[in-house]
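Work through these exercises with the sequence and the 3D view side by side. Try each task before you read its solution.

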Amino acid sequence: MDYNRFPKGVPWVRYHGNYKDLNISIVCPGKDAALGVDCVGTVSASILTFASIQALTPDLIINAGTAGGFKAKGACIGDVFIASDLAFHDRRIPIPVFDLYGVGNRRACPTPNILNKLNLKVGKLSTGDSLDMSPHDESAIIANDATVKDMEGAAIAYVADLLKVPAIFIKAVTDIVDGDKPTAEEFLQNLAAVAAALDVAVTDVVDYINGKSLSEL
């Protein structure tokens, strides 16, 4: 672990080392100091992304994590998706142009060769700060044409775009949002197995990236 490049007192964790020809840093939001739970959500993700870009000046960001999937869009438990587009579904600003700002549509770094070579799925990702889904969130997610939903991706995409760092988003499906099981229960039941599938997919992506330029991805 190396905390030296982050401000004193933050819970963020950084692991780093060399793998093949790559210099890799893995940064995690860590645990909430008061409650001891993982620091999930857009606020932690965005400030960590900003601080990491400032401290580490990466050539590429890979946001790897779990997500809910929609069976209506072809998602199944354990599927691994690369996000093509990202947007928010819970930033409601019903004023012209501000409404578009709230949705915050962004495109991820294109990776056609990774998708073809590794046989990963592709879909749009919608982000919000709640694990469950309100009726408004549902309609906004449908409007975003999303296949998967998470709690961090679009926030990371915003910061990456702001600071002009290309980003790839790899999401493994832990729960079916439009299924018949309670989301929290299904998420916890599948987390370990899906995290293992995510590990394999991210390792494959990193292996593929090694020695290549962005235009070759």
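**Exercise 1. Find the salt-bridge partner of Lys171 and say which parts the pair joins.**

Solution.
- Step 1. This is a predicted model. In it, Lys171 makes a salt bridge with Asp150. Their closest N and O atoms are 2.9 Å apart.
- Step 2. Place both residues. Lys171 belongs to strand 8 (residues 167-176) and Asp150 to strand 7 (residues 148-150), so the pair ties together parts 21 residues apart in sequence.
- Step 3. Check the cover. Buried means under 20% relative accessible area. Lys171 has 2%, so Lys171 is buried. Asp150 has 4%, so Asp150 is buried too.
- Step 4. Look for a network. Lys73, Lys124 and Asp145 are joined into one by salt bridges that share partners.

**Exercise 2. Which residue forms a salt bridge with Asp79, and is Asp79 buried or exposed?**

Solution.
- Step 1. Recall the principle. Side chains of opposite charge can pair when their charged atoms come close.
- Step 2. Name the partner. Asp79 pairs with Lys121, with 2.9 Å between the closest N and O atoms.
- Step 3. Place the two. Asp79 sits in the loop between strand 3 (61-69) and strand 4 (80-88), while Lys121 is in strand 6 (residues 121-127), so the bridge ties together parts 42 residues apart in sequence.
- Step 4. Read the accessibility. Asp79 has a relative accessible area of 15% and is buried. Lys121 has 34% and is partly exposed.

**Exercise 3. Describe the salt bridge of Lys31, then give the total count of salt bridges.**

Solution.
- Step 1. The side chain of Lys31 meets that of Asp38, at 2.9 Å from N to O.
- Step 2. Lys31 is partly exposed, at 47% relative accessible area. Asp38 is also partly exposed, at 47%.
- Step 3. The count comes to 10 salt bridges.

**Exercise 4. How do strand 1 and strand 2 pair?**

Solution.
- Step 1. Strand 1 covers residues 13-19 and strand 2 covers residues 22-28. The two run antiparallel, joined by seven bridges.
- Step 2. Pick out one pair. Asn18 has Asn23 in strand 2 as its bridge partner.
- Step 3. Look at the turn. The two strands form a hairpin with two residues between them. Lys20 lies in this turn and has a positive phi of about 55°.

**Exercise 5. Which strands pair with strand 6, and in what sense?**

Solution.
- Step 1. Strand 4 runs parallel to strand 6, with six bridges between them. Here Ala83 stands opposite Gly123.
- Step 2. Strand 7 also pairs with strand 6 in the parallel sense, over three bridges. In this pairing Ser126 faces Lys149.
- Step 3. Trace the link. From strand 6 the chain passes through helix 4 (residues 135-143) to strand 7. This β-α-β crossover is right-handed.

**Exercise 6. What sign does phi have in Val97 and in Asp145?**

Solution.
- Step 1. Start from the usual case. Most residues other than glycine have a negative phi.
- Step 2. Val97 has a positive phi, near 75°. Val97 is in the loop between strand 4 and helix 2. With 62% relative accessible area, Val97 is exposed.
- Step 3. Asp145 has a positive phi of about 60°, although it is not a glycine. Its place is the loop between helix 4 and strand 7. At 35% relative accessibility, Asp145 is partly exposed.

**Exercise 7. Which residues form a nonpolar surface patch with Tyr101?**

Solution.
- Step 1. The patch holds Ile95, Phe98 and Tyr101. Together they have about 330 Å² of accessible area.
- Step 2. Tyr101 lies in helix 2 (residues 98-103). Tyr101 is partly exposed, at 47% relative accessibility.

**Exercise 8. Describe the whole chain: its elements, its order and its size.**

Solution.
- Step 1. Count the elements. The chain has six helices and eight strands.
- Step 2. Read their order. The pattern is β-β-α-β-β-α-β-α-β-α-β-α-β-α.
- Step 3. Take the dimensions. Along the principal axes, the C-alpha atoms fill a box of roughly 45 × 40 × 40 Å.
- Step 4. Test for a globule. A compact globule of 217 residues would have a radius of gyration near 17 Å. The chain has 17 Å, so the two agree.
- Step 5. Finish with burial. Of the 217 residues, 43% count as buried.

Methods: Residues are numbered from 1 along each chain as its sequence is written. This is a predicted model: local features need pLDDT of at least 70, side-chain atom pairs count only at pLDDT 80 or more; totals for chains, interfaces and linings use all residues. Side-chain values use heavy atoms; hydrogens and water are left out. A salt bridge is a side-chain nitrogen of Lys or Arg within 4 Å of a carboxyl oxygen of Asp or Glu. Buried means under 20% relative accessible area, exposed over 50%, partly exposed in between (1.4 Å probe, protein chains only). Helices (H or I, at least four residues) and strands (E, at least two) are DSSP runs, numbered from the N terminus. Patches are made of residues with over 30% relative accessible area and no salt bridge: like charges are joined within 9 Å, nonpolar side chains (Val, Leu, Ile, Met, Phe, Trp, Tyr) within 5 Å. Accessible areas come from the Shrake-Rupley method with a 1.4 Å probe; for residues, only the protein chains shown count as cover. Two strands pair if DSSP finds at least two bridges between them. A crossover is right-handed if, with the strands pointing away from the viewer, the path from the first strand over the helix to the second runs clockwise. The radius of gyration is taken over C-alpha atoms; the globule rule is 2.2 Å times the number of residues to the power 0.38.
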